[in-house]
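Reader: I'd like a close look at the charged pairs in this protein, and then a stroll outward from there to whatever surrounds them. Could you walk me through it in plain words?

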Amino acid sequence: MKQLKWKRSVLSDIEGIYCLELFHTNKGFQVVAAGETHGGVCKSIDFATRNEEQIWDGPGGCMNVSQLNEEGSVVAIQNFYKGFQSKEAQVVRADKVGGEWKTTVLAVIPYLHRSGVVHTESDGDWIVCSQLCTERNDAADWSHPGKILAAKVPALGEQIEFRVLQEGVTKNHGFWQGKLDGEEVTLIGGTEGLFRVRPPKGGKDWQVDKLLDREVSDVAVADLDGDGEDELVVFDGFHGELCTVNKRVDGVWTVVYELPMHFSHAIWAGELLGRNMFAVGYRKEDGKFYVVEHTAEGYKAHLIEEGIAPSNCRGFVYEGKSYLAVAARDMDQVVLFELTEEEA
C-alpha cells in the first residue's frame, strides 16, 4: 500500500498574496500570482528557471488572474479590498510590449470580483466577469445582488462593452472555468445556487442554467472516483463551514462526502500522481490545507499543513512530478508542495 508524502518549499515572497494561476505560454510554464493589499504587486514566475518578472506594482486588490493568450497576457481584477471598499473595482489586461509590461484598465465596475477568459471557435475571445454585489452600504449589506457579465475582448485601445448574462446572484463569489462533462463552461456560485454559463456555440447565444439550488461559495470539478462522470467539489454556504463532494445519482446531484471547514477559501481539483484528487483549505481557526482522494474505502483526506490558512491553490504536473502551489496569505508567500508516494 502506498503512502502519500510531500516536500515543502517557498516559490516566491509576495506581500498580501491572494491569488495565483497557472499559465502555459510560448515562453514556458509560468505561475502568476498577485497581492490583494493596497499597492500589491503581480509576478510571473518561470517554473523551470524560477526567474521572476513583475507585471505590475499596484494598485493591488487583485482577486484573480487569468491567461488571455499564448504570450501570457493577463486579465485580472484590481481594486477589490476587504469590507466594502470596492466601488472602484476594475477589470484590467496586462501585456508585455517592447520588453515592458503595460497594464490597461478595461472597465471600472463596482464590486467586480472575478473574471476569466473564454475562447470560442466562431465568436472570438470573451471576458466573463461576476459582481459580488452592485451596491453596498456596509459590510453586512447584501440587499443589492450581483450580476454575471460578458464582453468580447477588444483590441488594445478599443472600448469594451459588457452585457448582462444573469442578474440577481447574491454573494456572487464562486468562479471556476474548465470542462464539465467534456464541455468548456464557467461555473459561478452564489446564494441562489450554482450557475453554469455556456458560451456561444453552433449559432446559440450565451446560456445560463442552474446546477445546484442551494447557497454555494466556490466550486471545482473532476472525475474523482474514476467512473467517467465528473463530480462537483463545493463549499456550501458563503465561505461556509462545509466542503462537499456532489455526485449525480439517478440524475440528481447528491452529496456523497463532507469535510468540515472554517471560512472555506482555497479549492482546486484535477490530476496529481496519475489520478484525480482535490485540494481545499480554510483561513480561520487552525487554517488547515488538505488533499483528498477517492480510495476503495471511500474518500480520504490528507492534512498537508495546519496554520497555512490558504486563500487559493492550484495543482499541476510538471516534468512528471506533481505539485500544489498555495497562496499562503498571512505568510506573504507562494508555498510549493511536491507530492510523492512511497510504499508503506
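Author: What follows starts with the salt bridges and then moves on to the cores, the strands and the cysteines. Keep in mind that this is a predicted model.

Let's begin with the charges. Side chains of opposite charge can pair when their charged atoms come close. Searching the whole structure turns up 21 salt bridges. I'll pick out a few of them.

Take Glu 36 and Arg 329, whose side chains form a salt bridge at 2.5 Å, N to O. In sequence these two sit 293 residues apart: Glu 36 is in the loop between β3 (28-35) and β4 (41-46), while Arg 329 is in the loop between β27 (321-328) and β28 (333-343). So here's a thing to check on your screen: are Glu 36 and Arg 329 buried or exposed? Both of them are buried.

There's another spot where residues far apart in sequence come together. Asp 13, in strand β1 (residues 2-13), has its C-alpha 8.6 Å from that of Met 331, although 318 residues separate the two along the chain. If you skip the neighbours within four places in sequence, Asp 13 is in contact with Lys 43, Asp 332 and Gln 333.

Back to the salt bridges, now with Lys 247 and Glu 231, whose side chains meet at 3.2 Å, N to O. This pair links strand β20 (residues 242-249), home of Lys 247, to strand β19 (residues 231-236), home of Glu 231, and the two residues are 16 apart along the chain. Lys 247 has a relative accessible area of 17%, so it counts as buried. For Glu 231 the figure is 0%, so that one is buried too.

Next up is Glu 293 with Arg 275, where the closest N and O atoms are 2.8 Å apart. Because Glu 293 lies in strand β24 (residues 289-295) and Arg 275 in strand β23 (residues 275-282), the salt bridge ties together parts that are 18 residues apart in sequence. Glu 293 is buried, at 9% relative accessible area. Arg 275 comes out at 26%, so it is classed as partly exposed. Some of the charged residues also team up: Asp 225, Asp 227, Glu 231 and Lys 247 are joined into one network by salt bridges that share partners.

Now for the nonpolar side of things. In soluble globular proteins, nonpolar side chains tend to be buried together. Here the largest nonpolar core has 33 residues, and those with the most contacts inside it are Ile 55, Trp 56, Val 65, Val 74, Val 91 and Leu 112. Strand β7 (residues 74-78) gives the most to this core, with 4 residues. To get a feel for the packing, click on Ile 55: leaving out residues up to four places away in sequence, Ile 55 touches Val 32, Cys 42, Lys 43, Ser 44, Val 74, Ala 94, Trp 101 and Thr 103. A second, separate core is made of 31 residues, including Val 216, Phe 235, Tyr 257 and Ala 269.

Ser 115 is worth a stop as well. You'll find Ser 115 in strand β10 (residues 112-120). Its relative accessible area is just 1%, so Ser 115 is buried. Beyond the neighbours within four places in sequence, the contacts of Ser 115 include Val 75, Ala 76, Ile 77, Val 91 and Phe 175.

Follow that last contact, since Phe 175 pairs with Ile 188 of β15 as its bridge partner. Strand β14 (residues 174-180) has 5 of its 7 residues buried, so β14 is largely enclosed by the rest of the structure. β14 runs antiparallel to strand β15 (residues 183-190), and 7 bridges join the two. Together they make a hairpin with 2 residues between the strands, and Asp 181 in the turn has a positive phi of about 55°.

Finally, the cysteines. How many disulfides does the structure hold? The count is 0. Cys 19 and Cys 62 might catch your eye, but the sulfur of Cys 19 is 3.7 Å from that of Cys 62, its closest cysteine sulfur, so they are too far apart for a bond. Cys 19 is buried, at 2% relative accessible area. Cys 313 is in no disulfide either, as the nearest cysteine sulfur, in Cys 243, is 11 Å away. With a relative accessibility of 0%, Cys 313 counts as buried.

Note on methods:
Residues numbered from 1 in each chain as written. Predicted model: local features only at pLDDT ≥ 70, side-chain atom pairs only at ≥ 80, totals over all residues. Heavy atoms only, no water. Buried < 20%, exposed > 50% of the residue type's maximum accessible area, 1.4 Å probe, protein only. Contact = heavy atoms within 4.5 Å. Pairing = 2+ DSSP bridges. Disulfide = S-S within 2.5 Å. Salt bridge = Lys/Arg side-chain N within 4 Å of Asp/Glu carboxyl O. Core = buried A, V, L, I, M, F, W, Y, C linked by side-chain atoms within 4.5 Å.
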